[in-house]
Each structure stands twice: as C-alpha cells, then as structure tokens.
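Please open the structure in your viewer and keep the sequence panel beside it, as each stop below begins with something to select.

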Amino acid sequence: MPDFFARLRALPHLGIGISTEYGARRGDGALDPRALRRDHPALARFLEVGVEVVQGLDEDARAWAAEGAPTTYHFLDVNLDEPEDFDAEWLAAVREVIEVLRPAWVCGDAGMWHFGPRDRGHMLLLPPVLVPETVPTMAAGIAALRQATGHEVLPENPPGAAFVGPMHVLELFTAVAEAADTGVLLDCAHLAMFQRARGLPFDAGFDAFAWDRVVELHVAGGTEHRVDGLVFVEDDHGASVLPDTWAIFEAALERASNLRAVVVECERNPIPAVLPLMQRVASAWAVELA
Amino acid sequence: MSLVRDGLDPRRVQHALVCMLFDPAWAAHVRGQGLVPELSERERALLRALDPRALATDPHRRARALHVLVEELPVTAAVLGVAACEAFFSAPEFRAGVFGRAAMTASFAAWLGDRAHGVGRLESAMAAVRRAKPPADRGRLGCPPGLRGVVVPANTLAFYLRVREELGPDPVRSLAQREASSRSSPPRRGTQFLLVERRPDGSLDLGSGSEPLVRLLCFAERPRARTELELEAVRLGAEPADASALIDELLADGLLGPS
C-alpha cells in the first residue's frame, strides 16, 4: 500500500461542510442540511454523517446521499483500540452504510464510545489514555478499519473533562497517526477543552504536532459550566464558539498544509443562528461565498 | 497493594475510569490507600492524578444507566424499588462487568442473584435471551442462544405478567410515581419451571416446561460434553438406555445445539 502522503493525493478537497446524526433535526428549528446547501452552497459542500449502526441513517442523511452530494462517515460506536469491537456483524452494517453514503473518508473520535459490548446504557465518550501504551492498539484499530472499509480512517481527538495520562493529546495523536500511517481530524473545540483542562495556552503542543497529516478540522460551539469550582466546557455544538476554539482554528489553518475539509458542527441550531459562525469560518479559510 | 503487579494497560485504566465515573465512593477508594486488585500501581497513579471534580461533570450518568436497567427489568425494579437498584453501580459485580466487557444487564443479573426472587431470575433470563449471539462451535453442546430454562417459585409467571401489565407502557414513569412503600411482593414458595424463548421477530415467548427439561437446560447453559448431558439426563430421571436417544431428540427439536 502506498504511504499516507501518496494516498492523500486521491482525497478530494471537500471545503466547508456540516454535521448531522440520526434524528438531529427532530428539535424545533434544527438545521435542515439540504436547505442550507440550497441557500448557501459554499457553506454546506458536504455532510458529515454521524453513524451509530444500530440506528442507521435517517431521512436527512439518505436524502442528501441520494442527491449524490458529498459525505464523510463519522463513526459513533467503535472503540478503535478494542479488537473485539470489530465484529463481523458491525463491520457488515458499516459497509452497508458506506454503500449508501459513498463517503470521501471515514472519521471519528478515537476514544471509548462504549464500555463492554455495544448495548443500551453503555454509551459514553471518553478520551484515550494519554500514554505511549495507547499508540500501538489504537494504530492497529485504525489500520484494521481502513482495510475493512477500503476508506481512509481519520482519528479525531475526543472531548473530555477528565484526561488521564501525562502526554499532550497532540503528541499522542501524532504518534498514533504515524504508527497507523494515516491522517488526522483535529477538532478545535475538543482541543480547547483539553488545553483548558490542563491549564495550557491554546497553542500548547503545536510545535510537535503532525500538521501535515491534518485532513479535516472541526469547529463547534461549547458552553462553560462549573462544578465545585472547576470550570469545564460542554461540547454542545451550540452557536457560541469559544474564543480559544477560534484561536486554535485560525492557527490550524496556517499550519495544516494538506487540509481538505472543515466541518462546522451545529446540527441542532436554526440556520440564521449559525450563519455568522459559518461565515467566519469561510472568511478565515478564504472561501468564496458567492 | 495490588494483584495486577505492574504494567500499564490503557484499557484497564479506562475501565477503572468508567467505574469511577459511576461510583464516587470507588473513585475515592482508588485515590485512597486500600487494595485495588484491578489495577497496577502505575495505572492507579494515573487515576490518582485526576481532579476528582472532573469526574462529576455529568450528574445524570448514573440515572440514565439506571433508566435502561429499569426499562428492561421493570418487575424486578418494582420488587426491589428503583432506589435499591441504584446500589448496583457501587457493587463489585458492576466493576467486574465493566472490566470483563460484559453486558450491563448481565452484570446486573449477577448482582441481583436472589434479591428479587423468581422475577429477578426470569427477567435476567429474558435479558440474556434478547442478547444471545450464535455460539462458537467448540465441539460441545448446550442451550441454544435463544432459549433459557428458569427455575422460580410457584406462580412467578402470573405475578410477573400481572405486575408488568400494571406498570403499563412506560414502566419507568410508573415506578417513579409509586410510593416507596408500595413495592410488589413476589411469590417465594413452591417451584415453577419456565422456558424463555426468543421468537424469530425478536419478541419473547414465556411458558412453562417440564421439570427435567428445564433443569437440563439450566445445566446446559454452560457448554457441555455430550456424555455430561446424558449423565445429567439420567440424574434427572431418564432411563440410562434412553439417554442418548433423548439427547438426539432434543437436538433434533432445537432444544439443545452446538455450543
């Protein structure tokens, strides 16, 4: 197999996209992906579809794919470092979804999506343990999923309030990406959560990060909460993006030389509420809106 | 002191973190000086470094998981009381399930034991049958994945059906509205032999079976050699000369299968 940088040439430039997951539009006023694409095509060039195979695809995702519009597949239900998670039943369901979406690539948070087997009540999302011992198993999982799906698999830095282990999350993801010979999805909001949790400046760890492997960026709103004096950020995908998320995003644009896509994660908000942040993303990335 | 002496397995650390998130008392125990046999010292040191407040950012985590359990084992919850069920998350069975990658309903069943008498065993069997996967054929025989035998006190099935109907389509809401003192009291005397079977559409069929069949199925929940099953059949009353033919018949009827 050619190395990642050779394979990268085949990955399309998707531009700015939006995210969705099963039932995201059930809430009042939630974003209609196809309406956004119709009215503001430069801000919705592709749809990142969050998939938990037990739920499958909702009407919005199916309608988008039926129009032949570009997608990416964001998994919500696999622990990449657990070989048991790659069971034949799950892989068959993933391939079925891929048949429908025909995604440009597969991506998703490289963390613990569930404890034990996939089952009701087991779902959560914890970041990986930030130690060198995480690297080989995580990398093996990425390579296995890439082989099983025939698509690039981009690990994403997960959100969290409790990060275990001494490594910086960017250091871990660089090591994982190199060991798996893959690209990376950098979620700017999740990184802001990490930097805050560790009391670090927004650009801590930038010097050692594999920026040339960053294929996709995420920008999303978050809300500050407090528990017993501890301030933490809830990754609520709201319309209010934290200043440090913007700072990370803008710095990432300067460094990510192989960037192909930016997702604005705002699926449960009305279009008028998220247009300003989408326009800011477009402006920062020098995307023509006309 | 720890039984896992050294090494660092990130999965073990993550499993421990899950238990800490669900159980603040165990989280405090990990931070303290007592024995934590599940973790090496290196693993424990990583978790000790966590700000305990960072474990409390989701106040509804336990309630959501409890909701799932109560939905699936509603009559058990009616017998024990919902609040009593919450003690499961602080139990060794919960932690063993997380570390052993078991379904939460299976760990809950292990914790239940005889706490909710026959209905606990019946609803645990129903949960197990819903999740049953095709067995790996290891050259042994056993209970087919979609079938379980359960031995319970007499009248348990009628009690289960009555209370389940009383709880209606939203048992969690019904139980939340009940007075704490109005717990249902299940049968405790006599014996009833039940079969729990998953239909092709995924729904469950509950019915009674003969004592020898149900007891043989209970015996066959663990994979067994054919000779073991024949000996058990004889112990349960079959003629020695007929035991082999009986096992053949059960295999032909799908009441036993490869396991």
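Which unit do β3(A), helix α4 of chain A and β4(A) make? Bear in mind that this is a predicted model, and select residues 88–101 of chain A, which form helix α4, together with strand β3 (residues 71–75) and strand β4 (residues 106–109) of the same chain. What you have selected is a right-handed β-α-β unit. The two strands run parallel and are joined by two bridges, and if you pick A:Tyr73 you will find that its bridge partner in β4(A) is A:Val106.

Stay with β4(A) and add strand β7 (residues 153–156) of chain A, to which β4(A) is joined by four bridges, again with the strands running parallel. Here A:Cys107 is the residue to pick, and A:Leu154 in β7(A) stands opposite.

Next, move to where the chains meet, where 27 residues of chain B are in contact with 25 residues of chain A. On the side of chain B that touches chain A, select α1 (10–22), α3 (41–48), α4 (61–72) and α7 (92–99), each of which supplies at least two residues. The greatest contribution is from α1(B), with seven residues. Colouring this side of chain B by residue class should show 18 nonpolar, four polar and five charged residues.

From here, select B:Ala91, which sits in the loop between α6 (82–85) and α7 of chain B. Is this residue buried, exposed or partly exposed? B:Ala91 has 16 other C-beta atoms within 10 Å and is therefore partly exposed. If you then draw a distance from the C-alpha of B:Ala91 to that of B:Ser107, the value is 9.7 Å, although the two are 16 residues apart in sequence.

The last stop is the open sheet of three strands in chain B, which has the order β2-β3-β4 and antiparallel pairing. Select β2 (147–152) and β4 (204–208) of chain B, which stand at the edges with a single partner strand each, so one side of each is left without a neighbour in the sheet. From one strand to the next the twist averages 20 degrees. Between β2(B) and strand β3 (residues 192–198) of chain B there are six bridges, and B:Arg148 has B:Val196 as its bridge partner in β3(B).

Finally, show the helices lying across β2, β3 and β4 of chain B, including helix α9 (residues 117–131), which runs at about 175 degrees to β2(B), and helix α10 (residues 156–167), which runs at about 55 degrees to β3(B).

Key:
Residues are numbered from 1 along each chain as its sequence is written. Chains are lettered from A and ligands numbered from 1 in the order in which they are written. This is a predicted model: local features need pLDDT of at least 70, side-chain atom pairs count only at pLDDT 80 or more; totals for chains, interfaces and linings use all residues. Two residues are in contact if their C-beta atoms, placed from the backbone, lie within 7 Å. Ala, Val, Leu, Ile, Met, Phe, Trp, Tyr, Cys and Pro count as nonpolar, Asp, Glu, Lys and Arg as charged, and the others, Gly among them, as polar. Two strands pair if DSSP finds at least two bridges between them. Axes are lines fitted to C-alpha atoms, for helices over the stretch in contact, and angles run from 0 to 180 degrees between N-to-C directions. A residue is buried if 20 or more other C-beta atoms lie within 10 Å of its own, exposed if 12 or fewer, and partly exposed in between; C-beta atoms are placed from the backbone. A crossover is right-handed if, with the strands pointing away from the viewer, the path from the first strand over the helix to the second runs clockwise.
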